[in-house]
Amino acid sequence: MRFFYHILIILSGVFAASCGKSDSFKVSGTIEGAGGSMVELLYFNNGAYERLSTPAQDGKFELEGSVSSPAVAFLSVSGGAPLVELAVKNGVDIRCEINPADRFALKIKGDKVNELYSKFLNDNSEAFESRSIPRINDAVKKFVEKNPGSMASTIAVLTQFRSADNEIMADSLLGIISADARPQSLLANYNAVLASQLSAESRESVGSMTLIGRNDSIVRYNPFRHKLSVLAFAGEGKTERDSMLTILRALRKDYDAKRLDVVEVSTSPDSATWIQVTERDSATWHQVWSPGSFSAPSFRRMAVARVPYFIVVDSMGHQVHRGSSAVAAESFVRSHLK
């Protein structure tokens, strides 16, 4: 009996050690080449971002934190780009081996979610290195379809899927994942952005608008007067605008106003900045500015996600194309005005 009692004590100690502390999580490991640099872990907890940091010792590090519910954490060195994304929750002990020069060949041990996610990165390293959005999104899609019951699928969608202009597919992939594998704590911020692009309001028909044009002129936009209209929402960056202007010029040159209306909407904070940014454009299309930019009543319901952003509207006012690529918008217009 005494022997059995001693074995029970030993097993209890081993079990407690293997589970780790139930009120915290631990992330440790080695980052090749990190030396004594600062290792940081950033995650969202209780409505705010929290950051853990520690100086590495010959690339080795150990961080301990606590979360109220599962969260996505981003591991980096000296505030640089994230080296890996991790699913953290209290009670887990995650161990990493990372080579920043080949970051998709990382090794993660400690819990099934992160081990499966790291294998996903390993198996699809070529797709990630290619930076091809279709290849990356296809890899995520296949992974989610194969692992709908794992939180690793949720991490893959949130961190690797390129949702810009692919919001519908992103929403569909999240719908495949079982409810317990996509806790609300992971989705909160992501869903806020995604929902704005999937809302019925953002897909509503566009009606007539009276807008402020150059030299305080009035531009009366009416989609019913044109077969198609392009609403191009522009920022202030020169490189970004130059590529956009080239395409707008080409469209305006190739199609008359009855077939195509082109309206460039500035997101400048004030009209003076707008005039300064556009004064050398020699535009042959409408250039307008609206107080409040995206929040202005005329544009708020369109849920413009970012700049540049392009919405193509048909003669009935229906939004028939939305996206951030000027090339894609041009291709859509030309294919429908043949």
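Q: Which elements give two or more residues to the lining of the second largest pocket?
A: In this predicted model, the second largest pocket is lined by L116, K119, F120, D123, N124, A139, K142, F143, K146 and N147, and it holds about 220 Å³ of space. Set against the helix limits, which are 112-123 for one helix and 133-146 for the other, the lining residues can be assigned to their elements. The elements that give two or more residues to this lining are α2 and α4.

Q: How many nonpolar, polar and charged residues does the lining of the second largest pocket have?
A: The residues to be sorted include L116, F120, A139 and F143, and also K119, D123, K142 and K146, together with N124 and N147. Sorted by class, the lining of the second largest pocket has four nonpolar, two polar and four charged residues.

Q: What kind of aromatic pair do Y117 and F120 form?
A: One of the residues that line the second largest pocket, F120, also takes part in an aromatic pair with Y117. The two residues are three apart in helix α2, and therefore they are separated by about one helical turn. Their rings lie 6.1 Å centre to centre, with 40° between the planes, and planes from 30 to 60 degrees apart belong to neither the stacked nor the edge-to-face class. The pair formed by Y117 and F120 is tilted.

Q: Which elements give two or more residues to the lining of the largest cavity?
A: A search of the whole structure finds three cavities of 30 Å³ or more, and the largest cavity has a volume of about 50 Å³. Its lining consists of P70, A87, V88, K89, V92, D111, V113, N114 and M151, and these divide into six nonpolar, one polar and two charged residues. The elements that give two or more residues to the lining of the largest cavity are β6 (84-88) and α2.

Q: Which residue in β8 stands opposite R95?
A: Four strands form an open sheet with mixed pairing, in the order β4-β1-β7-β8, and its edge strands, each pairing on one side only, are β4 (60-65) and β8 (107-109). The twist in this sheet averages 15° from one strand to the next. Strand β7, which covers residues 93-98, pairs with β8 in the antiparallel sense over three bridges. Across from R95, the residue in β8 is K109.

Q: What is the bridge partner of V313 in β15?
A: An open sheet of seven strands, again with mixed pairing, has the order β10-β9-β13-β12-β11-β14-β15, and the edge strands, β10 (218-221) and β15 (319-323), each pair on one side only. The twist here averages 30° from one strand to the next. Strand β14, made of residues 309-314, runs antiparallel to β15 and is joined to it by four bridges. In β15, the residue that partners V313 is Q319.

Q: What angle does the direction of helix α9 make with that of β13?
A: In the order of the seven-strand sheet, β13 stands between β9 and β12. Helix α9, residues 271-278, packs on this sheet and touches β9 (209-213), β12 (260-266) and β13 (286-289). Between the direction of helix α9 and that of β13, the angle is about 155°.

Terms used. Residues are numbered from 1 along each chain as its sequence is written. This is a predicted model: local features need pLDDT of at least 70, side-chain atom pairs count only at pLDDT 80 or more; totals for chains, interfaces and linings use all residues. Side-chain values use heavy atoms; hydrogens and water are left out. Two strands pair if DSSP finds at least two bridges between them. Axes are lines fitted to C-alpha atoms, for helices over the stretch in contact, and angles run from 0 to 180 degrees between N-to-C directions. Contact means heavy atoms within 4.5 Å. On a 1 Å grid over the protein atoms alone, a cavity is a set of points where a 1.4 Å probe fits but cannot get out, and a pocket is an open set with protein on both sides within 12 Å along at least five of seven lines; lining residues have an atom within 4 Å of a point. Grid points are joined across faces, edges and corners, and a volume is the space filled by probe spheres set on the points. Ala, Val, Leu, Ile, Met, Phe, Trp, Tyr, Cys and Pro count as nonpolar, Asp, Glu, Lys and Arg as charged, and the others, Gly among them, as polar. Rings of Phe, Tyr and Trp (its six-membered ring) pair if their centres lie within 6.5 Å; planes under 30 degrees apart count as stacked, over 60 as edge-to-face and the rest as tilted.
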